[in-house]
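Q: Please take a close look at one helix packing in this model. How do the two helices meet, and which residues make the contact?

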Amino acid sequence: MTRRRCFIAACIGIVLAASSLVTAAQTSVGSEIKKGYAPVNGLKLYYEIHGVGEPLILLHGGVGGLDMFGPTLPALAKSRKVIAVELQGHGRTADIDRPLSFETMADDIAGLIKRLELGKADVMGYSLGGGVALQTAIRHPEVVRKLVVVSAGYRRDGLFPEVRAVMDHMGPAAGEQMKHSPLNTMYPNVNWVNLFTKLGDLLRKDYDWSKEVAAIKLPTMLIYADADALYPADMVEFYKLLGGGQRDAGLDGSARSANQLAILPGVTHYNIATSPVLPIVVTPFLDAPMPQAK
């Protein structure tokens with residue numbers, strides 16, 4: 001099986017496995033789900049609101065939709081208002097005549113936060129959504145309270161070569177194959193050829209946001225699998241750019257960074273979003289009081 005086909009199979013497996021779990025999890029929570037479309041930057045951005053409490057914007061990975069999070073979404077919604085969004089050209093958000101970029105999708109999320117009059121919201125993104133969440137914090141810190149980046153890096157060279165090779169070959173042919181996949185039934189309005197063409201154009205571009213990351217002042221949590229798509233050294237370097245891992249925290253922990261790094265055991269880039277450990281790790285970070293300004 002070629003790398004491209006392996007990637008497509010992985011995308012299908014992620015979404016289908018997650019969606020098979022999410023229905024039972026939602027039923028157990030028993031809260032009403034509000035669905036809507038927000039007119040933002042020429043898009044009709046699809047979103048769902050789960051739960052009540054402090055707002056958390058939740059952003060999925062590439063190709064799929066909010067179903068990627070499976071039971072993680074309702075688990076997070078037990079203690080907060082989760083606004084799960086489907087990005088440009090994904091899921092139930094129709095594409096527009098605009099290239100895909102982390103920056104413009106971040107502008108969409110900032111526009112949604114303002115449109116829903118949330119003031120400031122926590123923003124959590126996985127994979128592609130992690131890059132969008134990161135850019136939202138960089139470009140629009142005034143609308144972000146805390147940032148959670150799951151299984152995403154700050155530079156393209158931080159990804160393993162085999163991952164970059166798959167991205168290099170993403171394009172219309174891969175999108176054509178998606179027309180015959182179960183995801184086409186789940187998301188019948190997605191233009192797969194167009195989506196894979198635009199994703200390929202985006203993911204082939206080189207980027208390095210180290211300077212922007214070093215300037216982030218928001219409390220930030222980085223979460224990775226112990227068998228992720230990135231070099232472990234790059235995960236640590238990301239954390240160091242945020243000011244973490246620079247010194248001993250002291251006996252009382254008072255000298256530690258306000259930012260956090262978590263490595264989840266026994267998971268990969270392809271199943272971390274549905275790991276039962278993920279909401280357990282994220283919730284205390286989001287619930288903690290905001291650090292006092294120095």
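A: In this predicted model, helix 3, which spans residues 102-115, packs against helix 4, residues 128-139, at an angle of about 70°, and their axes are 8 Å apart. Angles of 65 to 115 degrees count as roughly perpendicular, and helix 3 and helix 4 are therefore roughly perpendicular to each other. The crossing of these two helices, helix 3 and helix 4, is right-handed.

On the side of helix 3, the contact is made by Phe102, Glu103, Met105, Ala106, Asp107, Ile109 and Ala110. Helix 4 contributes Leu128, Gly131, Val132, Gln135, Thr136 and Arg139. By class, the residues of this contact comprise seven nonpolar, three polar and three charged. The charged ones are Glu103 and Asp107 of helix 3 and Arg139 of helix 4. Gly131, Gln135 and Thr136, from helix 4, count as polar.

Phe102 of helix 3, one of the contact residues, also belongs to an aromatic cluster with Tyr207 and Trp209. The structure as a whole holds seven aromatic pairs.

How values were computed:
Residues are numbered from 1 along each chain as its sequence is written. This is a predicted model: local features need pLDDT of at least 70, side-chain atom pairs count only at pLDDT 80 or more; totals for chains, interfaces and linings use all residues. Side-chain values use heavy atoms; hydrogens and water are left out. Axes are lines fitted to C-alpha atoms, for helices over the stretch in contact, and angles run from 0 to 180 degrees between N-to-C directions. Helices (H or I, at least four residues) and strands (E, at least two) are DSSP runs, numbered from the N terminus. Angles under 35 degrees count as roughly parallel, over 145 as roughly antiparallel, 65 to 115 as roughly perpendicular and the rest as oblique. A crossing is left-handed if the near helix is turned anticlockwise from the far one by less than a right angle, and right-handed if clockwise. Contact means heavy atoms within 4.5 Å. Rings of Phe, Tyr and Trp (its six-membered ring) pair if their centres lie within 6.5 Å; planes under 30 degrees apart count as stacked, over 60 as edge-to-face and the rest as tilted.
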